[in-house]
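Colleague: I would like a close look at one part of this model. Please take the sheets of the second chain and the helix lying over them, then place that part in its wider setting.

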Amino acid sequence: MAYLALTPRRRPLVARYPSIAIFLGILALFTVGVTVLAEGFGIGLISTSFVKTLGKTLCLCLVALAMDLVWGYCGILSLGHMAFFGIGGYAIGMWLMYARTELIVIESLAAAPLPPTPQEISDGIATQIFGVVGASEFPPIWSVAHSLPLQLAAVVLVPGVLALVFGWLAFRSRVTGVYLSILTQAMTLALSLYLFQNDSGLRGNNGLSGLQNLPGLDAIPQSTISIVFFWASAFALGLGYLVCAWVVSGKFGSVIRAIRDDEARARFLGYSVEAYKLFIFTFTAVIAGIAGALYYPQAGIINPAEIAPIASIYLAVWVAIGGRGKLYGAVIGAAFVSLLSSWFTGGQAPDINLGVYTIQWVDWWTILLGLSFVAVTLFAPRGIGGLFDLIAERRSPDRHGAALGPDAGALREKEADA
Amino acid sequence: MSALLEVSGVSVSFDGFKAINNLTFQIGAAEMRAVIGPNGAGKTTFMDIITGKTKPDEGHVLWGEKSISLLSMSESRIAQEGIGRKFQRPTIFEDQTVADNLMLALKKNRSPLAVLRFRPREEDHAKVADLAEQIGLTAALHRKSGELSHGQKQWLELGMLLAQDPRLLLVDEPAAGMTPAEREHTTEILVEAAKTRAVVVVEHDMEFVRRLNCKVTVLHEGSVLAEGSLDHVTANEKVIEVYLGR
């Protein structure tokens, strides 16, 4: 039959998209390379703190993947995904802080003549944790903090349920485009302002600290712990990349790209646009939560400033600079910009003396980042990931400046492949 | 013959302007109907109401053997019921290939979880290839649809409409921007489709309407001015006055 020659046979995902194998290969090499060079199991060329920076960067790449799925593929410019990331961090941080404080309290009470009652232990932990905000009782939000499985469930469930409820309210009212962005930003701001309060139950602006110390594992040096977290982050990123590639490769990817470019048309084809958006919004919120739960034990501290809207805006900037609508673009953007950012703001970049004025990068980095964002948007909409498209000789379609669909999130001419 | 779609007493106004005024319309399960009317007669609004994009202020829109009301349904639900629409300006997904566009339109379970698990089977590929042949896009199957010419995009959208396998097709100026030979082919496809389903064609071009050889409904100021064969309505005094301008 004639059509057999025309229709490509179904091959495995990795065979259809060579970029997946290339990405996983590079990630594996990178992981092995860092392991060999780090202090934990290797020759010690890389400091433990830099291993942590690299591990954190992998987590940022993972949340950038989530952002690319929701914005690059589905056209929803969410400015709230770093809030989900932060919630994941708080969820794991509560257990880390509780369990470690519990060990310290039990140890200090062991010297007493009578064995301590559970109430005494509980009070001791509460005083230790909440003394800084002038409280000595556990707020209800900490009721399952003693249980690692329950707090791990919270890493996934709290961002998921919040995204589900918020998304349901927003999408069913057909809020789209810039209005949706503003709404998500408002949610993020509200959450961050709430957490800043001392009586929020999460230690106000002090946040949660000491998260790098795993309870009961004090004997294991940070150099080892850091490399284990690095592995976990690399594994999560690799798995996340595979899952995201699977989601966007098939008909589902086709539907969400259709929604991005022209959602009214997708509706008239019988696709419930709201259900798809809700699915993607919730799914990516869960990924963001997991990424946050891996990030903050490496960072050691989380406070409400991490949830502020600016973090989510940075996330969008990374994805834009890396190249929207391509999974590897998001990863490249997040890795490149966040590493460069820590180089500039860490005081390692040499100041530039202009005679009349000295450019100090700690202050000027944000301006440089802003300018590069504008430059990328105007002159290289495919971002850094677009360099690979140059190698693969992918060109943009010639559409005389017209976007690929009528919606605000639609791919622009220069972002698309011909 | 019972009606597949029954629109009765429907009115809608935008900022006081009555776009549709007490409109009544019926079409059978296997029938071709041409809807003509001057600009602003309410043709597009009429389609918007049936497909759920616009909610009318009053009236009923009943569908199918069980006469269920379409008014409380969402656009996607109505499309799933079997109402397909082709827009005047070709609206296809330009960032995706012709095959992807047709695959999107194929009649399948539309729920997110079903779509996530969906893997096209042999017969789905065959169906897509079949449709592509019908609309003359076999050679372009793996090209991005944004690269197609205007006429080819029109074809593709028609193909997507057929892929949905709807019971009612609403087609807005299907022959706009086509060569005479292409118009001929479009006519064939529509006439063929109308043997098994209901087809409503909105058209300006009287020649095209004549070739469809079907019952004609003339809209004017949001209501039906005349209905019958083309010769019958073109002989109507009122129609001549408002539309043919003679």
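**Helix H1 of chain B and its two sheets**

Modeller: Helix H1 (residues 43-50) of chain B lies across strand E3 (32-36), E6, E7, strand E8 (198-202) and strand E9 (215-220) of chain B. H1(B) runs at about 150° to E7(B). Keep in mind that this is a predicted model.

Take the strands just named. They belong to an open sheet of 6 strands in chain B, ordered E6-E7-E8-E3-E9-E10. The pairing in this sheet is mixed. Strand E6 (83-86) and strand E10 (223-228) of chain B stand at the edges. Each has a single partner strand, so one side of each is left without a neighbour in the sheet. From one strand to the next, the twist averages 20°.

Now the E6 edge. E6(B) pairs with strand E7 (residues 168-172) of chain B in the parallel sense, over 4 bridges. One residue pair to find on screen is Ile83(B) with its bridge partner in E7(B), Leu168(B).

Go next to the loop between E9 and E10 of chain B, where Glu221(B) lies. Most residues other than glycine have a negative phi. Glu221(B) is not a glycine, yet its phi is positive, at about 50°. Glu221(B) counts as partly exposed, with 15 C-beta neighbours inside 10 Å.

Back to the helix. H1(B) also lies across E1, E2 and strand E4 (58-63) of chain B. Here the helix runs at about 65° to E2(B). These strands are part of an open sheet of 4 strands in chain B, with the order E2-E1-E4-E5. Its pairing is antiparallel. Strand E2 (17-28) and strand E5 (68-69) of chain B are the edge strands, and each pairs on one side only. Strand E1 (residues 3-14) of chain B and E2(B) pair in the antiparallel sense over 8 bridges. Within that pairing, Ser13(B) has Lys18(B) of E2(B) as its bridge partner.

That covers the sheets. Now the partner chain. In chain A, 31 residues are in contact with 30 residues of chain B. On the chain A side, helix H1 (2-6), helix H10 (251-261), helix H11 (263-268) and helix H12 (273-299) each supply at least two residues. H10(A) gives the most, with 7 residues. By class, the side of chain A that touches chain B has 17 nonpolar, 6 polar and 8 charged residues.

Look inside next. The largest nonpolar core has 180 residues. Val63(A), Ala64(A) and Leu65(A) have the most contacts inside it. H12(A) gives the most to this core, with 17 residues. Leaving out residues up to four places away in sequence, Val63(A) touches His81(A), Phe85(A), Ala288(A), Ala291(A) and Leu315(A).

His81(A) and Leu315(A) also appear in a helix contact. Helix H5 (residues 81-109) of chain A and helix H13 (residues 309-322) of chain A pack at an angle of about 115°, with their axes 7 Å apart. The crossing is right-handed. From H5(A) come His81(A), Met82(A) and Ala83(A); from H13(A) come Ala311(A), Ser312(A) and Leu315(A). By class, this contact has 4 nonpolar, 2 polar and no charged residues.

One last stop in chain A. Arg203(A) has a positive phi of about 65°, although it is not a glycine. Arg203(A) sits in the loop between helix H8 (177-196) and strand E1 (208-209) of chain A. It is buried, with 23 other C-beta atoms within 10 Å.

Definitions and conventions. Residues are numbered from 1 along each chain as its sequence is written. Chains are lettered from A and ligands numbered from 1 in the order in which they are written. This is a predicted model: local features need pLDDT of at least 70, side-chain atom pairs count only at pLDDT 80 or more; totals for chains, interfaces and linings use all residues. Two residues are in contact if their C-beta atoms, placed from the backbone, lie within 7 Å. Ala, Val, Leu, Ile, Met, Phe, Trp, Tyr, Cys and Pro count as nonpolar, Asp, Glu, Lys and Arg as charged, and the others, Gly among them, as polar. Axes are lines fitted to C-alpha atoms, for helices over the stretch in contact, and angles run from 0 to 180 degrees between N-to-C directions. A crossing is left-handed if the near helix is turned anticlockwise from the far one by less than a right angle, and right-handed if clockwise. A nonpolar core is a set of buried Ala, Val, Leu, Ile, Met, Phe, Trp, Tyr and Cys residues joined through C-beta atoms within 7 Å. A residue is buried if 20 or more other C-beta atoms lie within 10 Å of its own, exposed if 12 or fewer, and partly exposed in between; C-beta atoms are placed from the backbone. Two strands pair if DSSP finds at least two bridges between them.
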